[in-house]
Amino acid sequence: MAKKPSVPKGTRDFSPQEVAKRSYIMETIKKCFQLYGFQPIETPSFENSETLMGKYGEEGDRLIFKILNSGEYLNKVEEDFFSIKNSAWLTPKISEKALRYDLTVPFARYVVQHQNEITFPFKRYQMQPVWRADRPQKGRFREFWQCDADVVGSDSLWQEVELVQLYDDVFEKLKLNGSSIKINNRKILSGIAEVIGAEDKLIDFTVAIDKLDKIGEEGVKKELLEKGISKRAIENLQPLFSFTGSNEDKLNSLSQLLATSETGRKGIEEVRFVIKTIQSLGLKSSKLELDVTLARGLNYYTGAIFEVSAPKKVQMGSIGGGGRYDDLTGIFGLKGVSGVGISFGLDRMYLVLEELGLFPKTVEENTKVLFINFGEAEALYAMQAITALRKNNIASELYPEAVKMGKQLTYADKRTIPYVIVAGGNELQTKTFTLKNMKSGEQEIISLEALLQKLK
RNA sequence: GUGGUUGUAGCUCAGCAGGUUAGAGCGCUAGAUUGUGGUUCUAGAGGUCGCCGGUUCGAAACCGGUCUUCCACCCCA
């Protein structure tokens with residue numbers, strides 16, 4: 001007997017109800033993207049390995065799904081590689097393609113490849129699945145969707161301002177109030193590393209400090225020590241752990257801390273601009289919050305860093321992130337093009353909306369009216385009406401078999417079809433239809449004309 | 001990648017100090033009701049106890065492996 005079929009670890013099927021809810025989120029995001037002037041592109045689900053490898057750090061390389069070469073791919077491998085048993089060396093020999101890991105790097109590749117056709121600044125959005133060979137957890141899958149909006153070819157800080165507004169706009173439309181948009185700046189982090197004399201350990205430093213809210217002050221200090229950052233440097237970091245108050249307060253304290261770092265001062269200036277501008281423009285549903293411990297692992301960020309957390313009452317990691325990268329296209333040979341973008345994590349947003357019961361009831365409705373099938377002649381009579389209804393954009397269907405009525409009504413019930421037409425011999429003779437409201441149970445006998453009016 | 005956890009009917013779960021024919025609720029099918037669903041009543045179908053191997057007279061239960069679930073770490077949407 002065949003084994004019970006299943007989907008691979010970390011992947012899922014989506015039922016009609018789930019698809020309806022997912023496309024509700026996607027449509028909302030898409031409309032906002034377009035409202036802000038972004039244009040859609042799509043890129044292949046897999047790229048040449050060299051496009052992706054090395055762009056996300058060591059950890060990222062491990063999490064990239066590699067695609068095996070076709071044909072007798074082992075023929076090309078020298079004997080030595082088998083005895084060495086080093087997969088990092090063997091992999092490039094047997095795999096030259098990989099599934100995309102995010103949408104930003106393929107986008108950078110796209111920009112470089114099509115630079116002569118693109119009008120800059122280029123504002124594009126992209127909503128496609130990405131894959132990571134991660135171990136699944138709650139809200140963490142191996143196949144999931146990102147919805148990205150990026151601008152390349154402009155280093156104006158107004159882009160950052162707009163992206164914050166865009167986040168806010170989407171959350172407001174989804175009724176997801178109380179999300180917090182956290183902002184930081186890579187230059188501030190560099191400045192801090194500079195001031196405490198740990199410039200050479202910037203990555204280790206940012207990774208450790210990013211965990212502050214999770215492992216606490218002592219935990220961070222411990223990790224910094226383990227990474228070889230001196231005790232003195234960590235002492236100089238002390239003011240960072242007691243950062244409180246308004247964004248304004250934090251900026252002021254930062255100014256003191258980073259007075260001697262030019263990079264740091266630049267970072268503060270940038271963040272200050274975004275925060276002040278947003279303050280005078282106002283946000284509808286979210287808060288913008290300066291978080292100096294926000295780092296994010298992706299090491300291509302050079303300016304602003306964003307991360308969005310769902311309302312506190314929901315236990316969920318970040319539902320979006322983004323930032324400014326001054327030289328992402330540089331790695332593909334196009335220098336001096338700055339980009340900034342944000343990403344929405346569709347799958348996590350789904351879980352959050354579900355948990356908070358924020359999906360509108362109407363997203364699941366599809367067919368508006370079901371015609372009961374009583375047999376050949378009646379079915380034809382029904383199909384004539386259905387044709388007219390469909391012509392008027394009213395979703396309608398005929399139950400395909402002339403089975404007992406109870407069964408047909410149960411079907412309508414399960415499908416949450418709001419209306420049923422009962423049209424048998426009587427109705428056929430009088431050229432009428434009995435319209436039944438499935439919710440109230442009420443029925444009325446009406447003409448086709450009236451039916452069209454009623455369901456429009 | 002590291003450590004732990006889970007898997008019994010379509011779904012949610014019970015069962016187990018190893019012992020006949022593995023249970024419940026919900027759902028499903030049929031009937032009460034051959035032109036009226038969502039309530040009720042009656043009857044019924046449905047399980048290689050994730051998979052492979054081992055221990056044992058005997059395994060759903062114990063052991064090993066494997067896949068899967070969820071969780072922590074790493075990292076991240």
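**Figure 1. The largest nonpolar core of this predicted model brings together 98 residues.** Five residues stand out here: I25, F33, L166, F205 and F344 have the most contacts inside the core. Which helix gives the most to this core? That's α7, spanning residues 158-173, which puts in 7 residues.

**Figure 2. F344 and the residues it touches.** Let's zoom in on F344, one of the residues with the most contacts inside the largest core. Setting aside neighbours within four places in sequence, F344 is in contact with I29 and F33, and also with W145, Q146 and C147. Its list of contacts goes on with L166, Y167, V170 and F171. I319, G320 and M349 are on that list too.

**Figure 3. A second core sits apart from the big one, with 19 residues.** Among its members are Y381, I394, I421 and L455.

**Figure 4. Strand β5 and its surroundings.** Is β5 (residues 122-131) buried or exposed? All of it counts as buried, 10 residues out of 10, so the strand is largely enclosed by the rest of the structure. As a rule, side chains in a regular strand alternate between the two faces of the sheet.

**Figure 5. β5 pairs with β1 and with β6.** With β1 (residues 39-40), the pairing is parallel and rests on 2 bridges. Look for P40, which stands opposite Y125 of β5. With β6 (residues 143-152), the pairing is antiparallel and takes in 10 bridges. Here P129 has W145 of β6 as its bridge partner. You've met W145 already: it is among the contacts of F344.

**Figure 6. Two domains in chain A.** Now let's see the parts side by side. Domain 1 comes in two stretches, 16-64 and 101-356, while domain 2 covers 365-455. How many Å separate their centres? Taken over C-alpha atoms, it's 52 Å.

**Figure 7. Chain A, from its helices to its surface.** Count up the secondary structure and you get 19 helices and 16 strands. The C-alpha atoms fill a box of roughly 95 × 65 × 45 Å along the principal axes. Chain A has a radius of gyration of 28 Å, whereas a compact globule of 456 residues would come out near 23 Å. Of its 456 residues, 50% count as buried. Among contacts between residues at least 6 apart in sequence, 70% join residues at least 24 apart. On the outside, about 23,800 Å² is exposed, with 50% of that supplied by carbon and sulfur atoms.

Key: Residues numbered from 1 in each chain as written. Chains lettered and ligands numbered in written order. Predicted model: local features only at pLDDT ≥ 70, side-chain atom pairs only at ≥ 80, totals over all residues. Heavy atoms only, no water. Buried < 20%, exposed > 50% of the residue type's maximum accessible area, 1.4 Å probe, protein only. Helix = DSSP H or I, 4+ residues; strand = E, 2+ residues; numbered from the N terminus. Pairing = 2+ DSSP bridges. Core = buried A, V, L, I, M, F, W, Y, C linked by side-chain atoms within 4.5 Å. Contact = heavy atoms within 4.5 Å. Domains from an automatic or database assignment. Rg over C-alpha atoms; globule rule 2.2 N^0.38 Å. Areas by Shrake-Rupley, 256 points an atom, 1.4 Å probe, with all protein chains shown as cover.
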